[in-house]
Amino acid sequence: DKPVTAADAWVALPDGGAEGAVVVANVTNPGMYAIYLVSGETDVAGKVEFRDAKKGNAPQEDVTVEAYGTTYMDPKGTYIFLSGLKRPLKEGETVNITLKTELGLPVAVSAVVKKP
């Protein structure tokens, strides 16, 4: 099976003193079955969450990526949120995030920090 991939990812440069940051990414599933992103981790934040702007930025348990499809994660819909930042993020740096599927398969996300 081809792996699930993430592309075109970036982190919105948070304001000084902010404890969280929004991450935008395209997650593509080349497989014949839908997958569910259920968790994530990164060394720059205490927690990786999925949130839904259409539901008042409420945390979500999972994000569906349909079979043979791509899910665009951005702040107008479902997006990745880094909470509990461990240090200030700098414009131009790359943040590495590992998302996990319901089967425990990793999805690597390399996101460059930039001004939205």
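1. Strands here are DSSP runs of at least two residues, labelled E and numbered from the N terminus. With that in hand, Lys115 can be placed: this residue sits in the segment after E10. The model is a predicted one.

2. Overall fold. The chain holds 10 strands and 0 helices. Its pattern along the sequence is therefore β-β-β-β-β-β-β-β-β-β, given that strands are the E runs of DSSP. The radius of gyration is 13 Å, close to the 13 Å from the globule rule for 116 residues, so the chain is as compact as a globular protein of that length. The C-alpha trace spans about 45 × 30 × 25 Å along its principal axes.

3. Contacts across the sequence. Take the contacts with a separation of 6 or more. Of these, 66% join residues 24 or more positions apart.

4. Burial and surface. Of the 116 residues, 42% are buried. The exposed area of the chain is about 6600 Å², and 51% of it comes from carbon and sulfur atoms.

5. Charge. There are 15 negative and 12 positive side chains. The centres of the two sets are 4 Å apart.

6. The largest core. In soluble globular proteins, nonpolar side chains tend to be buried together. In this model, the largest nonpolar core has 27 residues. Leu37, Leu82 and Leu99 touch the most other members. Two or more residues come from each of these elements: strands E1 (5–12), E2 (20–29), E3 (35–42), E4 (45–52), E6 (63–65), E8 (78–85), E9 (94–101) and E10 (106–114).

7. Leu82 in detail. Which residues does Leu82 touch, not counting those up to four places away in sequence? They are Glu19, Gly20, Ala21, Val23, Thr42, Val44, Ala45, Lys47, Val48, Val95 and Ile97.

8. A separate core. Another core, of 6 residues, lies apart from the largest one. Trp10, Ala12, Tyr79 and Phe81 are among its members.

9. Back to Lys115. Is Lys115 buried or exposed? Its relative accessible area is 55%. Exposed means over 50%, so Lys115 counts as exposed. Lys115 still has contacts with Leu13 and Glu91, leaving aside neighbours within four places in sequence. Leu105 is 10 residues from Lys115 along the chain, and their C-alpha atoms are separated by 31 Å.

Definitions and conventions
Residues numbered from 1 in each chain as written. Predicted model: local features only at pLDDT ≥ 70, side-chain atom pairs only at ≥ 80, totals over all residues. Heavy atoms only, no water. Helix = DSSP H or I, 4+ residues; strand = E, 2+ residues; numbered from the N terminus. Rg over C-alpha atoms; globule rule 2.2 N^0.38 Å. Buried < 20%, exposed > 50% of the residue type's maximum accessible area, 1.4 Å probe, protein only. Contact = heavy atoms within 4.5 Å. Areas by Shrake-Rupley, 256 points an atom, 1.4 Å probe, with all protein chains shown as cover. Lys, Arg positive; Asp, Glu negative; His and termini not counted. Charge placed at Lys NZ, Arg CZ, Asp CG, Glu CD. Core = buried A, V, L, I, M, F, W, Y, C linked by side-chain atoms within 4.5 Å.
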